[in-house]
Amino acid sequence: MKLRIKFKKYGPVRFIGHLDVMRFFQKANRRAELDVAYTGGFSPHQIMSFAAPLGVGLTSNGEYMDLEVHSLTSCEDVKTRLNAASVPGIEITSVKILPDKAGNAMASVAAAGYTITFRESRGPHFDLAAAVERFLKKDEILITKETKKGSREINLKEGIYEMKAVDSNSLYLLVDASSAGNVKPIQVVEALFAENGESLPENALMVNREETYLRSDTLELLPLDAIGYDSEEAYKAASGDAE
């Protein structure tokens with residue numbers, strides 16, 4: 001069966017890259033003595049996948065890992081074991097058993113919500129709320145995106161699902177985070193500053209990913225842990241395997 005594990009990443013650990021987070025969980029799963037499933041062959045590895053990788057320096061309340069296991073005592077037990085095996089800055093907040101037909105975490109990602117705060121003396125000199133209102137009224141927000149194949153112009157407006165000023169020094173953004181149309185928060189903020197005749201100062205932003213979302217069959221955005229079961233009994237009942 002496959003588990004969807006939600007975790008926070010904060011503090012100094014925010015400077016650890018995605019590959020190191022993967023290696024950490026491989027070790028944590030072993031320390032927690034979970035009954036993890038492995039691939040076959042000469043070099044077996046744990047069957048696990050992550051949702052949209054978090055950029056270095058960002059914090060998050062909504063990171064996800066899918067992990068295949070042969071068995072478990074309970075979801076709460078897995079959460080307790082992993083937190084006991086964890087380090088300051090990585091905290092498991094929920095564990096659910098996924099339906100058999102659920103897509104993996106990375107393929108499921110459709111959007112992500114962020115809180116963006118400006119560091120002291122590096123915020124805008126314009127009225128943030130009024131600027132956001134004008135920004136969202138534009139038909140197009142064009143930027144040049146650099147790719148491995150060169151540069152191309154994209155319309156950011158298509159990938160901004162929600163944007164609002166929380167106060168005079170912070171923003172909330174809900175943007176496309178799918179593999180096909182991934183929008184980075186800094187791209188939006190840079191475009192907002194450019195629209196108001198300013199350049200975003202270097203190292204100006206503190207970014208926290210609040211949640212990662214999938215799109216339901218009805219096209220509603222839901223947190224990645226909105227699907228799944230809190231117990232093996234509920235999973236078996238839904239799968240028609242209950243005794």
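Is glutamate 33 buried or exposed? Glutamate 33 is exposed, with a relative accessible area of 64%. That comes from a predicted model, and the rest of this briefing walks through the same model. The protein has six helices and 12 strands, and 42% of its 243 residues count as buried.

**Overall layout**

- Taken along the principal axes, the C-alpha atoms fill a box of roughly 65 × 40 × 40 Å.
- Take the contacts between residues at least 6 apart in sequence: 71% of them join residues at least 24 apart.
- For a sense of scale, serine 239 and threonine 147 sit 43 Å apart in space, C-alpha to C-alpha, with their positions 92 residues apart in sequence.
- Serine 239 belongs to helix H6, and it counts as partly exposed because its relative accessibility is 28%.

**The nonpolar cores**

- The largest nonpolar core has 38 residues, and Leu156, Met163, Val188 and Leu192 have the most contacts inside it.
- Six elements give two or more residues to this core: strands E6 (109-118), E9 (160-167), E10 (170-176) and E11 (205-215), plus helices H4 and H5.
- There is also a second, separate core of 26 residues, with Phe7, Val36, Phe50 and Ala85 among them.
- Back in the largest core, methionine 163 is a good residue to click on: leaving aside residues up to four places away in sequence, it touches Val132, Phe135, Leu136, Leu171, Tyr172, Leu173, Val188 and Leu192.

**How H4 and H5 pack**

- Helix H4 covers residues 128-137 and helix H5 covers residues 185-195; their axes are 10 Å apart and cross at an angle of about 100 degrees.
- That angle is why H4 and H5 count as roughly perpendicular to each other.
- On the H4 side, the contact uses Leu128, Ala131, Val132 and Phe135; on the H5 side, it uses Val188, Ala191, Leu192 and Glu195.
- Sorted by class, this contact has seven nonpolar residues, one charged residue and no polar ones.

**Salt bridges**

- The count for the model comes to 10 salt bridges.
- One of them pairs the side chains of lysine 6 and glutamate 211, at 2.7 Å from N to O.
- This pair links distant parts of the chain, with lysine 6 in strand E1 and glutamate 211 in strand E11, 205 residues apart.
- Both ends are out of the way: lysine 6 counts as buried at 12% relative accessibility, and glutamate 211 counts as buried at 8%.
- Lysine 6 also forms a salt bridge with aspartate 225, where the closest N and O atoms are 3.9 Å apart.
- Aspartate 225 lies in the loop between strand E12 (221-223) and helix H6 (232-239), so its pairing with lysine 6 in strand E1 ties together parts that are 219 residues apart in sequence.
- Aspartate 225 is buried, as is lysine 6.
- Another salt bridge joins the side chains of lysine 164 and glutamate 162, at 3.9 Å from N to O.
- Here both partners are partly exposed, lysine 164 with a relative accessible area of 44% and glutamate 162 at 31% relative accessibility.
- Shared partners join Lys6, Glu211 and Asp225 into one salt-bridge network.

**Lysine 8 and its surroundings**

- Lysine 8 lies in strand E1, which spans residues 2-9.
- With 27% relative accessibility, lysine 8 counts as partly exposed.
- Its C-alpha atom is 5.5 Å from that of isoleucine 90, although the two residues are 82 apart along the chain.
- Not counting residues up to four places away in sequence, lysine 8 touches Ser60, Asn61, Gly89, Ile90, Glu91 and Thr93.

**Backbone oddities**

- Most residues other than glycine have a negative phi.
- Glutamate 33, the residue from the opening question, has a positive phi near 60 degrees and is not a glycine.
- You will find glutamate 33 in the loop between helix H1 (18-31) and strand E2 (35-36).
- Leucine 219 is another non-glycine residue with a positive phi, of about 70 degrees.
- Leucine 219 is in the loop between E11 and E12, and at 60% relative accessibility it counts as exposed.

Notes. Residues are numbered from 1 along each chain as its sequence is written. This is a predicted model: local features need pLDDT of at least 70, side-chain atom pairs count only at pLDDT 80 or more; totals for chains, interfaces and linings use all residues. Side-chain values use heavy atoms; hydrogens and water are left out. Axes are lines fitted to C-alpha atoms, for helices over the stretch in contact, and angles run from 0 to 180 degrees between N-to-C directions. Helices (H or I, at least four residues) and strands (E, at least two) are DSSP runs, numbered from the N terminus. Angles under 35 degrees count as roughly parallel, over 145 as roughly antiparallel, 65 to 115 as roughly perpendicular and the rest as oblique. Contact means heavy atoms within 4.5 Å. Ala, Val, Leu, Ile, Met, Phe, Trp, Tyr, Cys and Pro count as nonpolar, Asp, Glu, Lys and Arg as charged, and the others, Gly among them, as polar. Buried means under 20% relative accessible area, exposed over 50%, partly exposed in between (1.4 Å probe, protein chains only). A nonpolar core is a set of buried Ala, Val, Leu, Ile, Met, Phe, Trp, Tyr and Cys residues joined through side-chain atoms within 4.5 Å. A salt bridge is a side-chain nitrogen of Lys or Arg within 4 Å of a carboxyl oxygen of Asp or Glu.
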